[in-house]
Amino acid sequence: MVRRLQGGALGVALWLAVPSALPFQRPAQQADDAASQSHRSIMVERQIHARGVTDPAVLDAMAAVPRHRFVPDTLRAQAYADRALPIGLDQTISQPFIVAHMTEALGVSDAHDVLEIGTGSGYQAAVLSQLARNVYTIEIVPALARRAAATLKALGYSNVYVREGDGYAGWPEHAPFERIMVTAAPARVPPPLIDQLAAGGRMVIPVGEREQWMTIIEKTPEGVAERRTIPVMFVPFTRR
Ligand SMILES: C[S@@+](CC[C@H](N)C(=O)[O-])C[C@H]1O[C@@H](n2cnc3c(N)ncnc32)[C@H](O)[C@@H]1O
């Protein structure tokens, strides 16, 4: 089941307090929500479940998060299409199937603190927040970090903490993390992220330059194990 939103403070680069209740909705907004819920059900069935994502908690989370609120207004009509979309500043919100595939591969529970590198629109963080205890997410483009924090705050995702910065160094103040997700592709896995992965923890990360593979990394008592899932195409992991 989708976890209820918690009340409390939304940590943003700005560490703002957030009211837990959603604002009163006018009839037009309710109608928009009913339509978007129907688009989401179809998206989950045809784009995600049909391609092999079966974890009910992941499917519930994908059905619950209003993706149309994370895309630019001019692209709202395409929010539930089977593709990545531009979010400005040369960046993208990932295709719904890829978000679901990565979320399922991460294997998140409400006992987990999750670090995400590459906040972008904030959509993936919102999906993770339905499953995790807390989500810490870092975005290198300041305007995107601010906008994602504002969107997450407006929608009441109170267990998501957004920070602006270069995610290469992780977020040591909150480490170790049971789960880490990276949504931009580095040529090699940043060593600080492996260091900040808890014992028994798991990371999902697209790795490579011209050829990229979704990669699952696990920290086991025997060492760090790595396996690939599917070929992917992500924006590059950049550095400051
Ligand atoms: C494919 S987009 C992420 C999509 C995002 N997860 C969402 O749900 O909208 C990749 C993001 O990673 C960011 N990024 C790239 N390198 C980064 C780094 N070193 N640290 C933090 N963010 C980074 C980009 O600016 C971009 O916003």
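Reader: Which element gives the most to the shell around the ligand?

Author: Strand β4 does, with 3 residues. Keep in mind that this is a predicted model.

Reader: How many residues surround the ligand, and which are the closest?

Author: The ligand is surrounded by 27 residues. Ser121, Gln124, Glu139, Gly167 and Thr238 are the closest.

Reader: What makes the pair formed by Ser121 and the ligand a polar contact?

Author: Set the distance against the cut-off. A polar contact needs a pair of N or O atoms within 3.5 Å. An oxygen atom of the ligand is 2.6 Å from an N or O atom in the Ser121 side chain. The pair therefore counts as a polar contact.

Reader: What distances do Asp166 and Thr183 show to a nitrogen atom of the ligand?

Author: For Asp166, an N or O atom of the side chain is 2.9 Å from a nitrogen atom of the ligand. For Thr183, a polar side-chain atom lies 3.2 Å from a nitrogen atom of the ligand. Both values meet the limit of within 3.5 Å, so both pairs are polar contacts.

Reader: How much of the ligand does the protein bury?

Author: Taken alone, the ligand exposes 600 Å². The protein buries 99% of that. Elements that give two or more residues to the shell are β4 (91-93), β5 (113-117), α4 and β6 (134-139).

Reader: Why is Thr183 called buried?

Author: Buried means under 20% relative accessible area. Thr183 has 13%, so Thr183 is buried.

Reader: Where does Thr183 lie, and what does its side chain reach?

Author: Thr183 lies in the loop between β8 (177-182) and α6 (191-195). Its side chain reaches the backbone oxygen of Gly118 at 2.7 Å. Not counting residues up to four places away in sequence, Thr183 touches Met102, Glu116, Ile117, Gly118, Gln124 and Phe234.

Reader: Why is strand β9 described as largely enclosed?

Author: Count its buried residues. Strand β9 (residues 197-208) has 12 residues, and 10 of them are buried, so the rest of the structure largely encloses β9.

Reader: How do you know that β8 and β9 pair?

Author: Pairing takes at least two bridges. There are 4 bridges joining β8 to β9, so the two strands pair. They run parallel. One bridge partner in β9 is Met203, which faces Ile180 in the bridge list.

Reader: What makes β9 and β10 a pair, and in which sense, parallel or antiparallel?

Author: They share 7 bridges, against a requirement of at least two, so they pair. The sense is antiparallel. Pro206 has Met214 of β10 as its bridge partner. The two strands form a hairpin, with 3 residues between them.

Reader: Which residues touch the most other members of the largest nonpolar core?

Author: Met62, Phe70, Tyr123 and Tyr157 do, in a core of 51 residues. Helix α3 gives the most to this core, with 7 residues.

Reader: What does Tyr123 touch?

Author: Its contacts include Met43, Met62, Val65 and Phe70, not counting residues up to four places away in sequence. There is also a second, separate core of 18 residues, with Tyr161, Phe177, Ile180 and Leu197 among them.

Reader: How many helices and strands does the chain have, and what share of its residues is buried?

Author: The chain has 6 helices and 11 strands. Of its 240 residues, 49% count as buried.

Technical notes. Residues numbered from 1 in each chain as written. Predicted model: local features only at pLDDT ≥ 70, side-chain atom pairs only at ≥ 80, totals over all residues. Heavy atoms only, no water. Buried < 20%, exposed > 50% of the residue type's maximum accessible area, 1.4 Å probe, protein only. Polar contact = N/O pair within 3.5 Å; in protein donor to acceptor, adjacent residues only side chain to side chain. Contact = heavy atoms within 4.5 Å. Core = buried A, V, L, I, M, F, W, Y, C linked by side-chain atoms within 4.5 Å. Near = heavy atom within 4 Å. Areas by Shrake-Rupley, 256 points an atom, 1.4 Å probe, with all protein chains shown as cover.
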